[in-house]
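Visitor: Hi, I've just opened this one and could use a hand finding my way around. Mind if I throw some quick questions at you?
Guide: Go ahead, here it is.

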Amino acid sequence: MPTYVAFLRAINLGAKRKVPMAELRTCLTDAGYDDVETHIQTGNVRLRTPARSVAKVEEELEHLLGRRFGFEIPAIVFTPEQLREVYDDALAFAPPGVKGEMRYVSLFKRGEAPTGEDAAAIDAWDAPGEAGVVKGRAVHIWIDGTSQASRILTEFKKPLWPGTNRNTKVLVAVTEKWA
């Protein structure tokens, strides 16, 4: 049975979008998913299911979780192999002139990552202490300073919106546990 890693977007950010991880694990297990495990409170989930398509798993999770928790929960799903590629890229990239005190990866469903002019603009971003690289279904972002003070996250809010952000520390931990 295939294993998948899902990243749930915009949960546990405010009082109205609460998804307790124990309740999430129970919900998924009761729905027939196997080996359900979560990592911290930001909606990182490993599960097994007979479904053979990332898109199908995303659709199933979104329907199930929306019904159970009462609000839309976008699910961005990777196979362990796909996640390992994002991890390898995160460790391989080192933009010149940026220390990368804060490092993030924005993850996207197939067909939703920035492309064309948006991807080129992110790749060419040259604000002091900031850099971005689009690679497949991920955008790797380096920021010297805080995310609140960054210009890259503000400038590219629209093309980054359908994705879900994780700091690289979480990406590394999840990948080393599950991929």
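Visitor: Let's start with K109. Is K109 buried or exposed?
Guide: This is a predicted model, and in it K109 is buried, with a relative accessible area of 15%.

Visitor: Why does 15% count as buried?
Guide: Because the cut-off for buried is under 20% relative accessible area, and K109 has 15%.

Visitor: Where in the chain does K109 lie?
Guide: In the loop between β5 (102–107) and α4 (116–124).

Visitor: And what does K109 touch?
Guide: Not counting residues up to four places away in sequence, K109 touches E58, E62, A75, I76 and R137. With E62 there is a polar contact, side chain to side chain, at 2.3 Å.

Visitor: You mentioned E58 and R137. How do the side chains of E58 and R137 meet?
Guide: They meet in a salt bridge, 3.8 Å from N to O. That pair links distant parts of the chain, 79 residues apart: E58 is in helix α2 (residues 54–69), and R137 is in the loop between β6 (130–135) and β7 (138–143).

Visitor: Are E58 and R137 buried or exposed?
Guide: E58 counts as buried at 6% relative accessibility, and R137 counts as buried at 11%.

Visitor: How many salt bridges does the structure hold?
Guide: Eight. Some of them join up: E37, R46 and K177 are linked in a network of salt bridges.

Visitor: Ooh, take me through that network. What are the distances?
Guide: R46 forms a salt bridge with E37, with the closest N and O atoms 3.3 Å apart. The side chains of K177 and E37 meet in a salt bridge too, at 3.6 Å from N to O. K177 sits in helix α7 (residues 168–178) and E37 in strand β2 (residues 34–39), so to speak two distant parts of the chain, 140 residues apart.

Visitor: How accessible are R46, E37 and K177?
Guide: R46 counts as buried, at 18% relative accessibility. E37 counts as partly exposed at 28%, and K177 is partly exposed with a relative accessible area of 41%.

Visitor: Stay on R46 for a sec. Which strand is R46 found in, and what is R46 in contact with?
Guide: R46 is found in strand β3 (residues 44–48). Leaving aside neighbours within four places in sequence, R46 is in contact with T3, Y4, V5, D35, V36, E37 and W178. The side chain of R46 also reaches the backbone oxygen of D35, at 2.8 Å.

Visitor: Back to helix α7, then. Which residues of α7 are buried?
Guide: T168, V170, L171, V172, V174, T175 and W178. Those buried residues pack against β1 (3–8), β2, β3, α3 (80–92), β5 and β8 (164–167).

Visitor: What happens at the start of α7?
Guide: There, a side-chain oxygen of N167 reaches to within 3.1 Å of the backbone nitrogen of K169.

Visitor: α3 came up just now. How many residues does α3 have, and how far does α3 reach?
Guide: α3 has 13 residues and reaches 18 Å from its first C-alpha to its last, close to the 18 Å expected at 1.5 Å a residue. The buried residues of α3 are P80, L83, V86, Y87, D89 and A90. What covers them includes β1, β4 (75–78), β5, β6, β7 and α7.

Visitor: New topic: aromatics. How many aromatic pairs are there?
Guide: The count comes to three aromatic pairs. One of them is F93 with W142, which is edge-to-face, 6.3 Å centre to centre with 70° between the planes. F93 is in the loop between α3 and β5 and W142 is in strand β7, 49 residues apart. F93 is partly exposed at 23%, while W142 is buried at 3%.

Visitor: Why is the pair of W125 and F156 edge-to-face?
Guide: The ring centres of W125 and F156 are 5.3 Å apart and the planes are at 80°, so the pair is edge-to-face. Both W125 and F156 are buried.

Visitor: Last one: which ring does the charged end of R68 sit over?
Guide: The ring of F69, 4.9 Å from its centre. R84 lies over the face of Y87, at 4.7 Å from the ring centre.

Note on methods:
Residues are numbered from 1 along each chain as its sequence is written. Side-chain values use heavy atoms; hydrogens and water are left out. Helices (H or I, at least four residues) and strands (E, at least two) are DSSP runs, numbered from the N terminus. Buried means under 20% relative accessible area, exposed over 50%, partly exposed in between (1.4 Å probe, protein chains only). A polar contact is a pair of N or O atoms within 3.5 Å; within protein, one must be able to donate a hydrogen and the other to accept it, and residues adjacent in sequence count only if both atoms are side-chain atoms. Contact means heavy atoms within 4.5 Å. A salt bridge is a side-chain nitrogen of Lys or Arg within 4 Å of a carboxyl oxygen of Asp or Glu. The expected span of a helix is 1.5 Å times one less than its number of residues. Rings of Phe, Tyr and Trp (its six-membered ring) pair if their centres lie within 6.5 Å; planes under 30 degrees apart count as stacked, over 60 as edge-to-face and the rest as tilted. A charge sits over a ring if NZ of Lys or CZ of Arg is within 6 Å of the ring centre and within 35 degrees of the ring normal.
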